[in-house]
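Visitor: Hey, could you walk me through this one? I'm new to this.
Guide: Sure, here it comes.

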Amino acid sequence: MRRASLACFALGCLLGPLLFAARQIPSPPSPEQTEDEEKGLSPRERYRRKIEREIEGVWKVEELSHPAFPHLLNPEGYFLFYREHVAFTVTATLPAAFLSGVEQQTFQSGFKKYAVTDDARFVLQNLIGVQRIGSEEIERNLGAEIDERQLTFELDTVRISRSADDYVVLRKIVTGPPAARKPFPRPRALPRPGLPDLDGTGAGAATRPARRDG
């Protein structure tokens, strides 16, 4: 029985790294692989794939406009695009509806699926979202809603627009590999415990010679 357990343990040590490697997230294709895959594609298809590559990553909200909220102030937030999905969180300030000079906070967060068409249109399928204006919080199940927008790239920004007054401008955040962890500092050696220093000589009572009587 013990031999069988040892054999199973050894087999697990051999197969474990192989199974772990098979479950790892695949690395993105290299530029050489991308060029090989795009040989023979039409110019539109190549442009569509270029947009799909450029949109992936983390983006910060720079501008935001919505016709339902013409006085939107201080928009902030982030969008994360990855493998045909996007997660986003946006906050902003709105003037109160009935009180002048009073502002209320608005918050919106959601998760969508996206696709790029051959004519560079951006199709979004809303999966779920949460919206809060002031103290009112609404959970929006948006699985049936599909939205189509236009993408416009300029340097490190992208404008995702439905119309002239309905758009968001995002700025790309350059991300890199995580920094290497620094080793923990080695603990300093502590002095050996002894009796308190009663005579002020710096030597503990344990190091002084024993007192002799007589």
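Guide: We'll chat about rings, a pocket and one threonine.

Visitor: Anything to know before we start?
Guide: This is a predicted model, where local features need pLDDT of at least 70, side-chain atom pairs count only at pLDDT 80 or more, and totals for chains, interfaces and linings use all residues. Residues are numbered from 1 along each chain as its sequence is written, and side-chain values use heavy atoms, with hydrogens and water left out.

Visitor: Cool. How many aromatic pairs are there?
Guide: The count is 5. Rings of Phe, Tyr and Trp (its six-membered ring) pair if their centres lie within 6.5 Å; planes under 30 degrees apart are stacked, over 60 edge-to-face, and the rest tilted. One of the pairs is phenylalanine 79 with phenylalanine 81, which is stacked, at 6.2 Å centre to centre and 20° between the planes.

Visitor: And how do phenylalanine 81 and tyrosine 114 pair up?
Guide: Edge-to-face, with 5.5 Å between centres and 80° between the planes. That pair links distant parts of the chain, 33 residues apart: phenylalanine 81 is in strand 2 (residues 73-82) and tyrosine 114 in strand 4 (residues 103-116). Strands here are DSSP runs (E, at least two residues), numbered from the N terminus.

Visitor: Are phenylalanine 81 and tyrosine 114 buried or exposed?
Guide: Both are buried. Buried means under 20% relative accessible area, exposed over 50%, and partly exposed in between (1.4 Å probe, protein chains only).

Visitor: Which residues form the aromatic cluster?
Guide: Phe79, Phe81, Phe88, Tyr114 and Phe122 form one cluster.

Visitor: New topic: what's the volume of the largest pocket?
Guide: About 750 Å³. Of its 39 lining residues, the closest to the centre are His66, Phe88, Gln108, Lys112 and Arg149. On a 1 Å grid over the protein atoms alone, a pocket is an open set of points with protein on both sides within 12 Å along at least five of seven lines, and lining residues have an atom within 4 Å of a point. Grid points are joined across faces, edges and corners, and the volume is the space filled by probe spheres set on the points.

Visitor: Which strand gives the largest share of that lining?
Guide: Strand 5, with 8 residues.

Visitor: Last one: why does threonine 157 count as buried?
Guide: Because its relative accessibility is 14%. Threonine 157 is in strand 8, and its side chain reaches the backbone oxygen of glutamate 154 at 2.8 Å.

Conventions. Helix = DSSP H or I, 4+ residues; strand = E, 2+ residues; numbered from the N terminus. 1 Å grid on protein atoms, 1.4 Å probe; cavity = no way out; pocket = protein on both sides within 12 Å on 5 of 7 lines; lining within 4 Å. Polar contact = N/O pair within 3.5 Å; in protein donor to acceptor, adjacent residues only side chain to side chain.
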